[in-house]
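Me: I'm new to protein structures and would like a close look at the salt bridges in this one. Please start with them, then lead me on to their surroundings.

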Amino acid sequence: MKSSLLLGVALWAFVAAAAQSPVVKLDPYNYASQKSFTGRNGAVVSAHPLASQAGVSVLKKGGNAIDAAIATQLALAVVYPAAGNIGGGGFFVAHLSTGENITIDFREKAPQKGHRDMYLDPAGNAVLDKSQNGHLAAGVPGAVAGIFKALKYAKLPLSQLIAPAIELAEKGFVITPSEAESLNDDRPNFIKYNTRPVAFVRDRPWRGGDTLFQPELAQTLKRISEKGQAGFYKGKTAKLLVKEMKRGGGIISRKDLSQYDAKERTPSEFTYKGHQIITMPLPSSGGVLLPMMLKMTERFPIAEYGFHSLKAVQLMTEIERLAYADRAKYLGDPDFYKVPVKELTSEAYISSRLRLYRPDMAGNSQEIQSGIVAKESEETTHLSVADGQGNAVSITTTLNGGYGCYTVVGGAGFLLNNEMDDFSVKPGVPNMYGAVGGEANAIVPGKRMLSSMTPTIVLRNGKPYIVAGTPGGTTITTSVYQTIVNMLDFNMGPDDAVNKPKFHMQWLPDLISVENDFPEETLEGLRKMGYTIKKRGQIGRTEVIRILADGTIEAVGDKRGDDAAEGY
Ligand code: DON
């Protein structure tokens, strides 16, 4: 199904150049968002058609899923500036055809000059404007280091993987109506939080079909292409970033940049109904909450209850509540805080938590607090990739809010994140997603802030079966949880698993958020049990790939955005 999102004017110059290029065969002036793809050789699903196409172009050149994921991620940094990035961070989860499972943590870190109370005013009140907007909100970016860590599993040189992104930045691409709307909405923020003119602001309002050029970003990408990781963390780019910090009252230093390194971590792995699930460990809260929620779910015959039945939604809501109550207390960067992961995910602890569960009535977040464990001795984006050789990659990457802290590094053309707000800036004070925290997630120099991003791969008989993930702040983990239950228990195909309405409960606030098209009958039943229901526009933008036993690859991009599935 091709739903034409925009009509562009084909510019012969770019197309001619692209035809000569060894890698790029994209038409950035005329493209459409294809929502689903079925094939055998490989597929990429991401938030933007051009990014998905960039990934597929690399697969066609003989690259594997890792090559395609890197090319897609870099292209997203150009064509989806609200969330795609080189100035943010994220998580990479992969299953390799060799059988190996790997994860790479490229989450941002607190700068060395950061400290626990940096967002408190003299009276001790949290100043969320500072943790959410402008220079001081930025953590030390990890995205570029993450790409270089992943490169050892790729087949092609970075220069080929970054080429589509460079061309898209330099020669421009046509923006979609929704991108135009979002750039117009944030115009005042771009003006307020920048010290230099930025590509996203112009005199007239943006309209779908306009071309966005990012020449400074193209130069930065070229430095990365030529100099590797040092092209970002050292030399000219680092200098420009530190100068930007000085102009705007930020604190990221040359040393913060040169010391940043991405980290391979042991995946969070567990089984659910005969499937092996591989997801990101801490500092992703998903690495703890997803096993907790699925292990609780496994104790109930949920398939018999039925999809979106009152019984199933009530059970899953209470499971989400129980898991999120522990998030607030226990979870943080394991390099800085001892998190009792084994205990929290143990069968004994799961049993003790489930004793608090009451079917047929609403739980209460005042009564259900975090458990006691023995001491142990709007914006992000997701991409899913699978190739025909048995490799699969699941990456969620973020600037945190849409366009991060709104600050573009002068002369370097990339947006910085506002990830510092994912720390607990003050115990009990909700961040922009309503999440609360305390000591485990307090700011310490060099520490990574807790995340909800949950890029996940489900294996069946040792081979990739589902590749899934989504943006959505704290709703990420519950959306991935629902996607897995929808597919494994309710036997849904990827299309329904992605597009059917979702719900979310995160302990505090004590309410269930639901998408507008959630079935009214179930909501009525929940209200009668005592639940508070809050409708909201949309929950997440899930990108799912399912690989069938005969090798057929099915990819689906979320209807909620410009998301697109491509393959060949
Ligand atoms: O890492 C996190 O949990 C957040 N920074 C994610 C933000 C997000 O998903 C925003 N997207 N809508």
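Reply: The count comes to 28 salt bridges, where a salt bridge is a side-chain nitrogen of Lys or Arg within 4 Å of a carboxyl oxygen of Asp or Glu. The model is predicted, so local features need pLDDT of at least 70 and side-chain atom pairs count only at pLDDT 80 or more, while totals for chains, interfaces and linings use all residues. Residues are numbered from 1 along each chain as its sequence is written, and side-chain values use heavy atoms, leaving out hydrogens and water.

Side chains of opposite charge can pair when their charged atoms come close. A good place to begin is Arg 116, whose side chain meets that of Glu 439 in a salt bridge, with 2.8 Å from N to O. Arg 116 is partly exposed because its relative accessible area is 38%; the term covers values between the limits for buried (under 20%) and exposed (over 50%), found with a 1.4 Å probe on protein chains only. Glu 439 has a relative accessibility of 45%, so it too counts as partly exposed.

Next comes a pair within one helix. Glu 167 and Lys 171 form a salt bridge whose closest N and O atoms are 3.6 Å apart. You will find Glu 167 and Lys 171 in helix H6 (residues 158-171), 4 residues apart, which is about one turn of the helix. Helices (H or I, at least four residues) and strands (E, at least two) are DSSP runs, numbered from the N terminus. Glu 167 is buried, since its relative accessible area is 13%, whereas Lys 171 has 31% and is partly exposed.

Now look at a pair that links distant parts of the chain. The side chains of Arg 299 and Glu 347 meet in a salt bridge at 2.9 Å, N to O. Arg 299 sits in the loop between helix H13 (286-297) and helix H14 (302-305), while Glu 347 belongs to helix H17 (residues 347-354), 48 residues apart. With 38% relative accessibility, Arg 299 counts as partly exposed; Glu 347 is also partly exposed, at 44%. Elsewhere, Asp 105, Lys 263, Arg 265, Asp 335 and Arg 448 are joined into one network by salt bridges that share partners.

Let's return to helix H6 and see what it helps to cover. H6 is among the elements covering the buried residues of helix H5, and so are helix H3 (65-79), strand E5 (89-95), strand E6 (101-105), helix H9 (215-227) and helix H10 (230-233). Helix H5 (residues 143-150) is largely enclosed by the rest of the structure, because 7 of its 8 residues are buried. The buried residues of H5 are Ala 143, Val 144, Ala 145, Gly 146, Ile 147, Phe 148 and Ala 150.

Charged and polar residues can be followed into the loops as well. Asp 422 is found in the loop between strand E13 (392-398) and strand E14 (456-460). With a relative accessible area of 12%, Asp 422 is buried. Leaving out residues up to four places away in sequence, Asp 422 touches Arg 107, Asn 400, Asn 431, Tyr 433, Asn 441, Met 449 and Leu 450; contact means heavy atoms within 4.5 Å. Tyr 433 is also in contact with Gly 473, and so is Ser 452, again leaving aside neighbours of Gly 473 within four places in sequence. Gly 473 lies in the loop between strand E15 (463-468) and helix H18 (475-488) and is buried at 12% relative accessibility.

Another loop residue to find is His 48, between strand E4 (42-46) and helix H2 (49-60). His 48 is buried, with a relative accessible area of 2%. Its contacts, not counting residues up to four places away in sequence, are Tyr 31, Leu 76, Val 79, Phe 173, Thr 176, Asp 562, Asp 563 and Ala 564. From His 48 to Leu 76 is 28 residues in sequence, but 7.1 Å in space, C-alpha to C-alpha.

Finally, step back to the whole chain. The protein chain has 20 helices and 21 strands, and its C-alpha trace spans about 65 × 60 × 45 Å along the principal axes. Of the 568 residues in the protein chain, 65% are buried.
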